[in-house]
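Trainee: Could you take a close look at one spot in this model for me and then show me what lies around it? I am new to this structure, and I would like one connected tour.

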Amino acid sequence: MHLTIVNPNTTASMTRTIGEAARAVAAAGTVIEAVNPDHGPASIEGYYDEVYSIPGMLEEMRARPASDAFVIACFDDTGLDAARSLMAVPVVGIGEAAMHMATLLATKFTVVTTLAVSVPALEHNVHKYGFAHRCGRVRACEVPVLELENPASDARARISAEIARAKAEDRAEAIVLGCAGMADLAAALSAEHGLPVIDGVAAAVKLAESLHALGLRTSKVGGYAPPRPKTYRGRFASAAVSTDD
Ligand code: 5HY
């Protein structure tokens, strides 16, 4: 299968880290293409960044009609519903995928994300996905997204310290890493803390492969029905869909 991973921010080095994490778990025969838009925020931290990352992300998907599935590699599941409306093939968000995996392994999990500004949107997703009774807390380790890329930063130590607090205070039985940029830290942190630490990129790749292998596609009955053809004006004119789409 051809699986496209879209990093909705515009930081190519982060897209490379995400692509490597995806290829590390992909099945034989899964071709991974990791891409990011050229325009939009360098990182997504909060609602404002999120909104400006979505048009570029959707354009990257629309430019790849031959892809068998898509993964949105931002833990906020940026524009997930819009992408599922636009695309016929499965679209998996790394946030939702990681939370599903966590509930298969533990009665209670904690999400450890980057900055406090990201927490409300993630708490909203926890409720939206029906995991409010399984997620003890969404915590921020106060490491900016792009600091995850800096080998000299103390990012890993700060994430590890937050995991220790989650075990002690939330009675967390599993940890969900709340940023795509943490993808390469899961195995080491799991070994260090003796519990499952779940990376959403890997979880989403395996779920996308499963949906494809089962021949399952997004329902076009109801909320994810294709966007209706209509006029889009100004700089978004090209976002309009037609009956040929
Ligand atoms: C992410 N931001 O996974 C989110 C994490 C966050 O640019 N990639 C980003 O902090 O919301």
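Mentor: Let's begin with aspartate 77, which is buried, having a relative accessible area of 5%. Here buried means under 20% relative accessible area, exposed means over 50% and partly exposed lies in between, using a 1.4 Å probe and protein chains only. Keep in mind that this is a predicted model, in which local features need pLDDT of at least 70 and side-chain atom pairs count only at pLDDT 80 or more, while totals for chains, interfaces and linings use all residues. Residues are numbered from 1 along each chain as its sequence is written, and side-chain values use heavy atoms, with hydrogens and water left out.

Aspartate 77 sits in the loop between strand S3 and helix H3. Helices (H or I, at least four residues) and strands (E, at least two) are DSSP runs, numbered from the N terminus. The backbone of aspartate 77 has a phi near 55°, a positive value in a residue that is not glycine.

You can compare this with arginine 171, another non-glycine residue with a positive phi of about 55°. Arginine 171 belongs to the loop between helix H6 (155–169) and strand S7. With 58% relative accessibility, arginine 171 counts as exposed, whereas aspartate 77 is buried.

Now step back from the loop into S3, which covers residues 69–72. In a regular strand, side chains alternate between the two faces of the sheet. In S3, Ala69 and Val71 point one way, Phe70 and Ile72 point the other way, and all of them are buried.

S3 has a parallel partner in S1, with four bridges between them. Two strands count as paired if DSSP finds at least two bridges between them. Along this pairing, leucine 3 stands opposite alanine 69 of S3, and isoleucine 5 has valine 71 as its bridge partner.

Strand S4 (residues 91–93) also runs parallel to S3, and three bridges join the two. Valine 71 appears again here, with valine 92 as its bridge partner in S4. Between these strands comes helix H3 (residues 80–86), and S3, H3 and S4 form a right-handed β-α-β unit. Right-handed means that, with the strands pointing away from the viewer, the path from the first strand over the helix to the second runs clockwise.

S1 deserves a look of its own. Four of the five residues of S1 (residues 2–6) are buried, so this strand is largely enclosed by the rest of the structure. S1 runs parallel to S2 (residues 31–35), joined to that strand by five bridges. Leucine 3 has isoleucine 32 as its bridge partner in S2. Helix H1 (residues 12–25) goes with these two strands, and S1, H1 and S2 make a right-handed β-α-β unit.

Next comes the ligand. It is surrounded by 14 residues, and the closest are Ile44, Phe75, Asp76, Thr114 and Ala180; a residue counts as near if one of its heavy atoms lies within 4 Å. Among the short distances, a backbone N or O atom of phenylalanine 75 is 3.0 Å from an oxygen atom of the ligand. The side chain of asparagine 9 also has an N or O atom 3.0 Å from a ligand oxygen. Alanine 180 brings a polar backbone atom to 2.9 Å from an oxygen atom of the ligand. Taken alone, the ligand exposes 290 Å², and the protein buries 100% of that.

Further along the chain, glycine 178 lies in S7 (residues 174–178). With a relative accessible area of 4%, glycine 178 is buried. Glycine 178 and cysteine 141 are 37 residues apart in sequence, and their C-alpha atoms are 9.9 Å apart in space.

Let's finish with helix H8 and what follows. Aspartate 199 caps the N-terminal end of H8, with a side-chain oxygen 3.0 Å from the backbone nitrogen of valine 201. Buried residues in H8 include Gly200, Val201 and Ala202. Just after H8, glycine 215 takes a positive phi of about 70°. Valine 241 lies in the segment after H8, and at 10% relative accessibility it counts as buried. The C-alpha atoms of valine 241 and isoleucine 54 are 16 Å apart, with their positions 187 residues apart along the chain.

Methods. A polar contact is a pair of N or O atoms within 3.5 Å; within protein, one must be able to donate a hydrogen and the other to accept it, and residues adjacent in sequence count only if both atoms are side-chain atoms. Accessible areas come from the Shrake-Rupley method with a 1.4 Å probe; for residues, only the protein chains shown count as cover.
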